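Hello,

Here is the structure I promised to pass on to you. Please have a look at it first, and then read on for what turned up.

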Amino acid sequence: MKKWIVAVCGLCLLGCNPDKKTKVSTEEVHFTTSASSVLFFKNVRQIYYERQENNAAKAIIYRMRSRVHNNSIPLLYPAIVYLWAQDEAAVILERNEFLADTDTLRFIWQDTVQQTSGEYVFPNGDRRTHYRLAAQLYHSIQEEHRLWLQTDSGRIPFFVSEKEREPFRKTMVDYFRLVNVLR
């Protein structure tokens, strides 16, 4: 009986994070929120974020508290912009000082299991462009790809540690829940 209870508890714990491997389209863009997704975010997930209100834009910007603050390495921080007057949310990628003077970012990814590689290009455009790169980087984190930032002088490792990857992944899961991509 005790082994059965332990097995059930173990399965429940594994099931507590069902979104960790759920695939999300990098091309299909989602911005619309629902009353239930906003309620869930505000009641359960908001405590993990710094909150900045912009009354003129009728928006609230959320930034993960646990994100790494280091200007000696390249980092992108996803921020969730909740546009409450429009029932929409967008994900915007904010650059740290290391990337501040770079117009177009190029990321190289490598799947060491499948022996494949590719490139993500980010010209810093509108919210659709931000969504696509954020979804692509989220996919690479899920697939445990090796990532590099391509510069004129060579490749710089990107999202090397779990401390760099996990706040990005969690923010994206929260965003995908907010726009009803993940349930």
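Please keep in mind that this is a predicted model. I'll begin with the smaller of the findings on empty space: the second largest cavity holds about 30 Å³. Its lining is made by V38, F41, K42, Y62, Y82 and L178. Helix α2, which covers residues 35-45, contributes the most to this lining, with three residues. By type, the lining of the second largest cavity has five nonpolar residues, no polar ones and one charged.

How many cavities of 30 Å³ or more are there? The count comes to two. The largest cavity has a volume of about 80 Å³. It is lined by 13 residues, and R67, L76, Y77, P167 and F168 are the closest to its centre. Strand β3 (76-83) and helix α4 (162-178) each give at least two residues to the lining of the largest cavity. The largest share comes from α4, with five residues. Sorted by type, the lining of the largest cavity has nine nonpolar residues, one polar and three charged.

Now to the helices, starting with α4. Is α4 largely enclosed or largely open? Of its 17 residues, 13 are buried, so α4 is largely enclosed by the rest of the structure. Its length also fits expectation: 17 residues at 1.5 Å a residue should span 24 Å, and the end C-alpha atoms of α4 are indeed 24 Å apart. Right after α4 comes N180, with a positive phi near 65°.

Which residues bring α2 and α4 together? The axes of these two helices come within 8 Å and cross at roughly 145°. On the α2 side the contact is made by S37, V38, F40, F41 and R45, and on the α4 side by D174, R177 and L178. These contact residues divide into four nonpolar, one polar and three charged. You may recognise V38, F41 and L178, which are also among the residues lining the second largest cavity.

Helix α3 (residues 127-142) is worth a visit too. With 16 residues, α3 reaches 22 Å from its first C-alpha to its last, close to the 22 Å expected at 1.5 Å a residue. It is mostly covered, as twelve of the 16 residues are buried. Among the buried residues of α3 are H130, Y131, L133, L137, Y138 and I141.

Finally, two loop residues deserve a look for their backbone angles. Most residues other than glycine have a negative phi. E144, just after α3, has a positive phi of about 60° although it is not a glycine. You will find E144 in the loop between α3 and β7 (146-151). F159 is another non-glycine residue with a positive phi, near 50°, and F159 sits in the loop between β8 (154-158) and α4.

Which of the two is buried and which is exposed? E144 has 60% relative accessibility, over the 50% cut-off, so E144 counts as exposed. F159 has 1% relative accessibility, under the 20% cut-off, so F159 counts as buried.

If you would like a place to start, try the contact between α2 and α4, and then go on to the loops that hold E144 and F159.

Best wishes

Terms used:
Residues are numbered from 1 along each chain as its sequence is written. This is a predicted model: local features need pLDDT of at least 70, side-chain atom pairs count only at pLDDT 80 or more; totals for chains, interfaces and linings use all residues. Side-chain values use heavy atoms; hydrogens and water are left out. On a 1 Å grid over the protein atoms alone, a cavity is a set of points where a 1.4 Å probe fits but cannot get out, and a pocket is an open set with protein on both sides within 12 Å along at least five of seven lines; lining residues have an atom within 4 Å of a point. Grid points are joined across faces, edges and corners, and a volume is the space filled by probe spheres set on the points. Helices (H or I, at least four residues) and strands (E, at least two) are DSSP runs, numbered from the N terminus. Ala, Val, Leu, Ile, Met, Phe, Trp, Tyr, Cys and Pro count as nonpolar, Asp, Glu, Lys and Arg as charged, and the others, Gly among them, as polar. The expected span of a helix is 1.5 Å times one less than its number of residues. Buried means under 20% relative accessible area, exposed over 50%, partly exposed in between (1.4 Å probe, protein chains only). Axes are lines fitted to C-alpha atoms, for helices over the stretch in contact, and angles run from 0 to 180 degrees between N-to-C directions. Contact means heavy atoms within 4.5 Å.
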